Structure formats: C-alpha cells, structure tokens
Amino acid sequence: MAERKTNEIEVSVCLGPDCSTRGSEKLLVYLQNSFHDTEGITIAGRSCLNRCGEGPNVLVEKGSEQRGEIYTGVGRKFFGIPTGLRISDFIKFILLERLS
Ligand code: FES
C-alpha cells in the first residue's frame with residue numbers, strides 16, 4: 001500500500017455481511033459518486049471492521065496516521081433505519097478534514 005500524503009484521506013466502507021445487509025454497497029457507490037472528482041480522497045470497500053452491530057461502518061484514515069477512526073451507522077437514515085449519522089453530514093466531515 002502506498003503511503004498517504006499529509007492531507008490525503010482514505011475512506012473504507014465495510015462490505016462485511018452485517019454492514020452489507022444495512023446498505024453498505026449502496027453507501028460505497030454513493031460515496032464514490034460524491035467524491036469521484038475530489039483530489040486527495042480515495043473511496044474503497046474493505047472487509048469487516050469488527051463493529052458489526054453498528055453498521056454501515058466506515059474507516060477514515062488521513063495522512064500518515066496508522067490508525068484511522070471508525071464511523072458507525074453512516075447513512076442509516078438514507079436506508080430507512082431511523083438512527084445514525086446522515087450521509088450529508090459524513091460528506092461534510094470528510095471535506096472539512098480534507099481542508100484541515
Ligand atoms: S460487517 Fe461491518 S463491521 Fe462487521
């Protein structure tokens with residue numbers, strides 16, 4: 001894996017079985033479409049993050065950080081689950097992180 005530059009962000013959507021049943025594949029496509037022309041932000045799928053009951057889960061890593069932060073319940077409202085982080089708020093957070 002190539003080393004990330006200081007302000008580069010890697011967003012990894014969990015595609016494990018529990019997150020998949022909560023819409024993580026659709027979330028991955030939505031985020032890929034949202035950031036397709038945004039330099040310095042990479043969106044990809046990944047294996048289970050071991051927070052299965054809280055999904056869809058997303059790992060966000062920035063710069064040379066060895067450990068990123070896991071965001072749980074991303075987009076649940078979009079997929080009809082009443083609680084969780086709104087996709088629009090997650091996207092705003094990623095863009096703000098990119099600028100900081
Ligand atoms: S299936 Fe997503 S955290 Fe395990």
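Let's start with β3 and β4, which are joined by three bridges and run antiparallel. These two strands form a hairpin, with six residues between them. Look at the turn and find Gly63, which has a positive phi of about 50°. For one pair across the hairpin, pick Val58: its bridge partner in β4 is Tyr71. Please keep in mind as we go that this is a predicted model.

Now let's widen the view to the sheet. Which order do the four strands take? They go β2-β1-β3-β4, in an open sheet with mixed pairing. β2, residues 41–46, and β4, residues 69–71, stand at the edges with a single partner strand each, so one side of each has no neighbour in the sheet. From one strand to the next, the twist averages 25°.

The mixed pairing is easy to follow if you take β1 as your reference. On one hand, β1, residues 9–14, runs parallel to β2, with six bridges between them. Glu10, for example, stands opposite Thr42 in β2. On the other hand, β1 and β3 pair in the antiparallel sense, over five bridges. Here you can look for Ile9, which stands opposite Lys62 in β3.

What packs on this sheet? Helix α3, residues 87–99, does, and it touches β1, β2, β3 and β4. The direction of α3 makes about 155° with that of β1.

Let's stop at one residue of that helix, Glu97. Leaving out residues up to four places away in sequence, Glu97 touches Ile9 and Lys62. You have met both already, as the pair standing opposite each other between β1 and β3. Glu97 and Lys62 are 35 residues apart along the chain, yet their C-alpha atoms are separated by 8.2 Å. Is Glu97 buried or exposed? It counts as partly exposed, because it has 16 C-beta neighbours inside 10 Å, and a buried residue would need 20 or more.

Stepping back again, the protein chain has three helices and four strands. Read along the sequence, the pattern is β-α-α-β-β-β-α. Among the contacts with a separation of 6 or more, 57% are between residues 24 or more positions apart.

Next, the inside. The largest nonpolar core has 16 residues, and those with the most contacts inside it are Val11, Val13, Leu31 and Val58. At least two residues of this core come from each of β1, α2 (24–35), β2 and α3. The most comes from β1, which gives four residues.

Val13 is a nice one to click on. Beyond its neighbours within four places in sequence, Val13 is in contact with Ser24, Leu27, Leu28, Leu31, Gly45, Arg46, Pro56 and Val58.

One of those contacts, Pro56, deserves a second look. Pro56 is in the loop between β2 and β3, and the peptide bond leading to it from Gly55 is cis, with omega near 0°. The loop between β2 and β3 also holds Asn50. Asn50 has a phi near 65°, which is positive in a residue other than glycine. With 9 other C-beta atoms within 10 Å, Asn50 is exposed.

For a contrast, turn to Arg22, in the loop between α1 (17–21) and α2. Why does Arg22 count as buried? Because it has 22 C-beta neighbours inside 10 Å, and the cut-off is 20 or more. From Arg22 to Gln32 you move ten residues in sequence and 18 Å in space, C-alpha to C-alpha.

How about the overall dimensions? Along its principal axes, the C-alpha trace spans about 35 × 25 × 20 Å. A compact globule with 100 residues would have a radius of gyration near 13 Å, and the protein chain agrees, with 13 Å. Of the 100 residues, 26% count as buried.

Finally, confidence. The protein chain averages a pLDDT of 88, and 96% of the residues score at least 70. Where is confidence lowest, and where is it highest? The lowest is in α3, at a mean of 85, and the highest is in β2, at 96. Where pLDDT is low, predicted coordinates should not be read in detail.

Notes
Residues are numbered from 1 along each chain as its sequence is written. This is a predicted model: local features need pLDDT of at least 70, side-chain atom pairs count only at pLDDT 80 or more; totals for chains, interfaces and linings use all residues. Two strands pair if DSSP finds at least two bridges between them. Axes are lines fitted to C-alpha atoms, for helices over the stretch in contact, and angles run from 0 to 180 degrees between N-to-C directions. Two residues are in contact if their C-beta atoms, placed from the backbone, lie within 7 Å. A nonpolar core is a set of buried Ala, Val, Leu, Ile, Met, Phe, Trp, Tyr and Cys residues joined through C-beta atoms within 7 Å. A residue is buried if 20 or more other C-beta atoms lie within 10 Å of its own, exposed if 12 or fewer, and partly exposed in between; C-beta atoms are placed from the backbone. The radius of gyration is taken over C-alpha atoms; the globule rule is 2.2 Å times the number of residues to the power 0.38. pLDDT is the predictor's confidence in each residue, from 0 to 100.
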